[in-house]
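Trainee: I am new to this structure and would like a close look at a single part. Could you walk me through the nonpolar patch on the surface and what goes with it?

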Amino acid sequence: MILSFITKKPYRKRLLFSAGFSLVEALVAMGIFTVIGIAVMTFFSDIFSFSKSAQGQLQIQQELQVLTRRMSAELRAASQSSVGSYALATTSSSTLSFYVDTDNDGVKERIRYFLQGTELKKGTLKPTGSPLAYTGSETTRSMVKNVQATTTPLFSYYDTNYAGTTTPLTQPVTVSSVRLVKITIVVDDNALIPPPAIIGTTQISLRTIKDNL
C-alpha cells in the first residue's frame with residue numbers, strides 16, 4: 001500500500017524536490033565554496049610569499065655581515081704597497097681601493113671595492129714583473145646585488161678629528177688624511193614594495209696608519 005502511494009507522480013515529485021537542493025540553494029552553496037576556496041588559496045599564497053621573503057631577507061643579512069667583516073679585516077691590515085705607494089689608493093664615495101697582503105705571501109694585492117650599477121664588486125690586482133708593478137688586469141667578482149643609492153654614501157671618510165657624529169670629509173678626499181672609513185650598504189630587491197631595505201654598516205679605524213685616533 002505504501003509503495004503504490006509513493007509511485008503516484010505528483011507526490012513523488014514533491015518528495016524528490018523536498019529531499020534535495022533547489023537550484024538557487026545549489027548556486028548559493030557553490031558560491032560559498034568558491035569564496036572559501038579563494039580565501040584559503042590566498043591565505044596559503046600569502047604565507048608562502050612571506051616565508052620566501054623572510055628567507056631572502058635573512059640571507060641578505062647574513063651576506064652583508066660576512067662582507068662587512070671581511071672588508072673590515074682587510075682595511076685594518078692595509079699598509080704601504082709592494083712598490084711603496086700609500087696604503088689607500090682611491091677614496092671616492094663609491095670606490096675604495098687599498099693595499100693589503102690577503103694571501104700572506106709577502107706581496108700586497110691592490111683591493112678595490114666599487115659600485116657598478118646596483119652591484120658591489122671586488123677587484124683584486126696582484127703586482128707582477130721585476131720590479132713589481134700593478135699594471136695587469138684585476139680579477140673581479142660580485143659581492144652583493146641590488147645595492148640602492150641613498151643620501152648616505154657607500155664609503156664615508158673621516159680624519160683624526162672624528163668624534164662619533166663628525167661630518168665626513170668632503171669629496172674629493174685627500175687619502176693621506178683618512179683615518180677612519182664608514183661603509184654603508186643598503187640592499188633592497190624592490191624599493192617600491194615591502195619589506196624594507198636591509199642596511200649593512202660598519203666603521204673601520206685604519207690601525208696601521210692611525211696616529212692619534
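Mentor: V24, V28, I32, F33, I36, V40, F43, F44 and I47 form a nonpolar patch on the surface, with about 910 Å² of accessible area together. A patch here joins nonpolar side chains (Val, Leu, Ile, Met, Phe, Trp, Tyr) within 5 Å and like charges within 9 Å, from residues with over 30% relative accessible area and no salt bridge, that is, no side-chain nitrogen of Lys or Arg within 4 Å of a carboxyl oxygen of Asp or Glu. Areas come from the Shrake-Rupley method with a 1.4 Å probe, and for residues only the protein chains shown count as cover. Please keep in mind that this is a predicted model, where local features need pLDDT of at least 70, side-chain atom pairs count only at pLDDT 80 or more, and totals for chains, interfaces and linings use all residues. Residues are numbered from 1 along each chain as its sequence is written, and side-chain values use heavy atoms, leaving out hydrogens and water.

One member of the patch, V24, is found in helix α3; helices are DSSP runs of H or I with at least four residues, strands runs of E with at least two, numbered from the N terminus. V24 counts as exposed because its relative accessibility is 58% (exposed is over 50%, buried under 20%, partly exposed in between; 1.4 Å probe, protein chains only).

Helix α3 covers residues 23–76 and also holds M71. M71 counts as buried, at 1% relative accessibility. Not counting residues up to four places away in sequence, M71 touches Y113, F155, I183 and I185, where contact means heavy atoms within 4.5 Å.
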